[in-house]
Amino acid sequence: MKIAFLLIASLAQAQIRFRDVAREAGLRFALDNNATPQKRMWETVAGGIAVFDYDQDGLPDIFFTNGASVPSLEKQARHSNRLFRNEGGMKFRDVTATAGLAGHGYSMGAAAGDFDNDGLPDLFVAGVNRNLLYRNLGGGRFEDVTGKAGIKSEEWGVAAAWFDYDIDGRLDLIVVNYGHRDGDRNRACGDESRRLRIYCHPRYFDPRPNRLYRNLGGGAFEDVTAASGIGAHRGRAMSVAVADSDSDGRPDVFVTNDNMPNFLFRNLGGGKFEETALLKGVALLDAGKPVASMGAEFRDYDNDGHPDINVTALNGETFPVFRNDGTGSFRDATFATGIAGLSTGHAGWGNGWVDFDNDGWKDLFTANSHVNDLVERVEAAVYRQPNTVFRNLGDGKFGAVPESGLEASIRAHRGAAFADFDGDGRIDVVVTALGEPVELWRNVTPRAGHWLQVRLIGKGGNRDGIGARVRIGSRHNAMTSSSSYASSMLVPVAFGLGADTEAVVEVRWPGGKVQRVTAPGVDRVLTITED
């Protein structure tokens, strides 16, 4: 009893801390967004990441998207997308060439998922009029199957998500699109008298529909954008996240839109979706204005069993929090949680609710920078910014984390992804930055709590259990591969346990089957196979 009390006391004082180890880890990569004087919008919104165990050795690997030459949008050697293999011991090796993942075109976002149910995670890469679908062949090799799979490249794709919307055991794909790539018609925005050219406002980009592909099996996909109802709604999409918002057993889709109302596509079943964001309270903040919505996170931050939403946006717009009231409707909790005051001075991109100190409550990480590289010449804002972490206090509020280590790097950050790269039970963070080296933030939080990571193996299809809801006591999480900004994490479901040394894991599999497993101890990765 005394030992448990001491552990609880130490957890209350645990200070979330990070250290950038990218260089010593071998992650030698800088995002080449190929910024030009013409200020084409896609130059400043690049930088997606995918974290997935491509070779199934139990260690999460890292894939980075990269830019291309402008205006040709063709890759040179320096624009190669990059795959780094996790060698263990927080060391990585560049295996791009052998994997066949250098890519084509100007790439933006990435999404990992096993679409053919062969036990090997595959990879989708969204880009400017050039999407790519890679099938994992095993042996460290991938094959470009975009054409024969029926995946199109007609729009400027920013991000994507794998999810089984019809619960047939095969992962389907949604690709979210920004405005037409030439929507500004090479418009010169800024102050001509000062020879000051900046990235144009999003209003100059015609909104576009997102695209939904149904997995038919056998490596083929059917475009069901129109039939599903998703194609009837046009936006300027930046990111996508998936969760069962109303606990009806069907995954819903949240899409952030740049300076437009966000979308919440409620899954009605029968292959149909209804856009409900305004009705459900996530289209706009309470003030009624759209913001520059960028990153999307769709998880339960308050442990009530219902997934909530976080969005990153620009300076002064806050990082909105929409709290699920338990019915699938949401309330603007940005001020109530304290996130409004904590975030108003930042512009955010990648984001995630992650329990960094393993106390049982998910904290909020954001990768920060303004969209406009010349913003300091036109308004009271800063372009390069440090990343931030806000600690979940467990009472519905978040607090600042002074001296987390993140303040050491001030860059034009974009994508962010989260995984336990060194296997110590503390979740680490990888972040991209425009024109500068990537960051690998090793979680060095002292006195962190106990933990459990749950690896799911689905039966008959959907091998990674994407869409499963997982509970340990009063703590809730879900298996999903897409969140943050244009990024993807196909990794075990992570739980901080605080002082608890026992855990009973409840899994609600896609389709509704409930399975309970008693973990044989904590501070480990537990594999649960659907029975």
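**Exercise 1. Gly341**

Decide whether Gly341 in this predicted model is buried or exposed, and place the residue in its element.

Solution. Start with the surface. Gly341 has a relative accessible area of 61%. The cut-off for exposed is over 50%. Gly341 is therefore exposed. Next, find the element. Gly341 belongs to helix H7, which covers residues 339–343. Last, take a distance. Phe319 lies 22 residues away along the chain, and 9.5 Å separates the C-alpha atoms of Gly341 and Phe319.

**Exercise 2. Gly58**

State where Gly58 lies and whether it counts as buried or exposed.

Solution. Locate Gly58 first. It sits in the loop that runs between strand E2 (49–52) and strand E3 (61–64). Then read the accessibility. The relative value is 61%, so Gly58 counts as exposed. Now compare sequence with space. Gly58 and Ala159 are 101 residues apart in sequence, and their C-alpha atoms are 26 Å apart.

**Exercise 3. Two residues with positive phi**

Examine the backbone and burial of Thr318 and Ser484.

Solution. Take Thr318 first. Its phi is near 65°, which is positive in a residue other than glycine. Thr318 is in the loop between strand E23 (308–311) and strand E24 (321–324). The relative accessible area is 8%, so Thr318 is buried.

Turn to Ser484. This residue is not a glycine, yet it has a positive phi of about 70°. Ser484 lies in the loop between strand E38 (482–483) and strand E39 (487–490). Its relative accessible area is 0%, so Ser484 is buried. The cut-off in both cases is under 20%.

**Exercise 4. A cis peptide bond**

Identify the residues joined by the cis peptide bond at Pro71, and place Pro71 in the chain.

Solution. The partner is Val70. Omega of the cis bond between Val70 and Pro71 is about 10°. Pro71 itself is in the loop between E3 and strand E4 (82–88).

**Exercise 5. Surroundings of Arg299**

Work out the element, burial and contacts of Arg299.

Solution. Begin with the element. Arg299 is part of strand E22, residues 296–299. Check burial next. The relative accessibility is 15%, so Arg299 counts as buried. Then look for a polar partner. The side chains of Arg299 and Glu297 are joined by a polar contact of 3.3 Å. Finally, set aside neighbours within four places in sequence. Arg299 then touches Pro307, Asp308, Trp353, Asn477, Ala478 and Thr480.

**Exercise 6. The E8–E9 hairpin**

Describe how strands E8 and E9 are paired and what lies in the turn.

Solution. Fix the strands first. E8 covers residues 132–138 and E9 covers residues 141–144. The two run antiparallel and are joined by four bridges. Pick out one opposed pair: Tyr134 faces Asp144 in E9. Now the turn. Two residues lie between the strands of this hairpin. Gly139 in the turn has a positive phi of about 65°.

**Exercise 7. Two open sheets**

Give the strand order, the edges and the average turn between neighbouring strands for each sheet.

Solution. One open sheet has four strands in the order E18-E19-E20-E21, with antiparallel pairing. Its edges are E18 (237–243) and E21 (272–275), each paired on one side only. Neighbouring strands are turned by 25° against each other on average, direction ignored. Look inside this sheet. E20 (residues 263–269) pairs with E21 over four bridges, in the antiparallel sense. Phe265 stands opposite Glu275 in E21.

The other open sheet has four strands in the order E1-E34-E33-E32, also with antiparallel pairing. Its edge strands are E1 (18–20) and E32 (413–419), each pairing on one side only. The average turn between neighbouring strands here is 20°, direction ignored. Three bridges pair E1 with E34 (residues 436–443) in the antiparallel sense. Arg19 stands opposite Arg442 in E34.

**Exercise 8. Aromatic rings**

Count the aromatic pairs, name the residues of a ring cluster, and find the charge over Trp349.

Solution. The count is 27 aromatic pairs. For the cluster, ring pairs link Trp42, Tyr106, Trp156, Tyr178 and Phe205. For the charge, go to Arg414. Arg414 lies over the face of Trp349, at 4.0 Å from the ring centre.

Methods
Residues numbered from 1 in each chain as written. Predicted model: local features only at pLDDT ≥ 70, side-chain atom pairs only at ≥ 80, totals over all residues. Heavy atoms only, no water. Buried < 20%, exposed > 50% of the residue type's maximum accessible area, 1.4 Å probe, protein only. Polar contact = N/O pair within 3.5 Å; in protein donor to acceptor, adjacent residues only side chain to side chain. Contact = heavy atoms within 4.5 Å. Pairing = 2+ DSSP bridges. Axes fitted to C-alpha atoms, helices over the stretch in contact; angles between N-to-C directions. Phe/Tyr/Trp six-rings, centres within 6.5 Å; stacked < 30°, edge-to-face > 60°. Lys NZ or Arg CZ within 6 Å of the ring centre and 35° of its normal.
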